[in-house]
Amino acid sequence: MIDRYLDRQKDARTFSKYETWYLVFLTVFGAIIRIYYHYDRPFISDEVGTLIYMGKSNAYLLTHFESWLTMNYFILLEKLMAFLGGDHRISLIC
């Protein structure tokens, strides 16, 4: 049953050679724009800072404030979740 459905879908819509090249061009052009935009920019995501500071002591987290260290209690909570969960980086998702 699924085979018949897939066979019917193959002929339902095929792109012409012009459309295929147009889609490839758009994809490559979009990638170039994104690479150019993000080239030489620092990666300053919260998760990176959290991973960096999860290795610091609790006293350090509560007494220092830096660019990534603005949510000290959140990082302490993440450290607790990582401790309870076996120090998996998946705890950042929870």
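**Exercise 1. Determine where asparagine 72 is placed in this predicted model, and whether asparagine 72 is buried or exposed.**

Solution. Begin with the secondary structure: asparagine 72 belongs to helix α5, which covers residues 72-84. Next, take the relative accessible area of asparagine 72, which is 5%. Since a residue counts as buried under 20%, asparagine 72 is buried.

**Exercise 2. Work out which residues asparagine 72 touches, and which backbone oxygen lies 3.1 Å from a polar atom of its side chain.**

Solution. Leave aside the residues up to four places away in sequence; asparagine 72 then touches Leu61, Leu62, His64 and Phe65. For the second part, turn to histidine 64, whose backbone oxygen is 3.1 Å from a polar side-chain atom of asparagine 72. A polar contact requires N or O atoms within 3.5 Å, and the distance of 3.1 Å between these two residues can be set against that limit.

**Exercise 3. Compare the span of α5 with the value expected for its 13 residues, and then establish how its buried residues are arranged around the axis.**

Solution. At 1.5 Å a residue, the 13 residues of α5 should span 18 Å, and because the end C-alpha atoms are 18 Å apart, the two values agree. The expected span takes 1.5 Å times one less than the number of residues. Now list the buried residues of the helix, which are Asn72, Ile75, Leu76, Glu78, Lys79 and Ala82. Viewed down the axis of α5, these buried residues fall within an arc of 160°, and therefore they line one face of the helix. The face turned away from this buried side carries Tyr73 and Leu84, which are exposed. After α5 comes glycine 86, with a positive phi near 90°.

**Exercise 4. Identify the residues of the largest nonpolar core, and state how many of them α5 gives.**

Solution. The largest nonpolar core consists of six residues, namely Tyr53, Met54, Leu61, Ile75, Leu76 and Ala82. Of these, α5 gives three residues, the most to this core. Leu61 of the core is also one of the residues that asparagine 72 touches.

**Exercise 5. Place α5 within the whole protein by describing the fold pattern, the buried share and the surface.**

Solution. The protein has five helices and zero strands, so that reading along the sequence gives the pattern α-α-α-α-α. Buried residues make up 15% of its 94 residues. Among the contacts with a separation of 6 or more, 30% join residues 24 or more positions apart. Finally, the accessible surface of the protein is about 8,400 Å², and carbon and sulfur atoms account for 66% of that surface.

Conventions
Residues are numbered from 1 along each chain as its sequence is written. This is a predicted model: local features need pLDDT of at least 70, side-chain atom pairs count only at pLDDT 80 or more; totals for chains, interfaces and linings use all residues. Side-chain values use heavy atoms; hydrogens and water are left out. Helices (H or I, at least four residues) and strands (E, at least two) are DSSP runs, numbered from the N terminus. Buried means under 20% relative accessible area, exposed over 50%, partly exposed in between (1.4 Å probe, protein chains only). A polar contact is a pair of N or O atoms within 3.5 Å; within protein, one must be able to donate a hydrogen and the other to accept it, and residues adjacent in sequence count only if both atoms are side-chain atoms. Contact means heavy atoms within 4.5 Å. The arc is that of the directions from the helix axis to the C-beta atoms. A nonpolar core is a set of buried Ala, Val, Leu, Ile, Met, Phe, Trp, Tyr and Cys residues joined through side-chain atoms within 4.5 Å. Accessible areas come from the Shrake-Rupley method with a 1.4 Å probe; for residues, only the protein chains shown count as cover.
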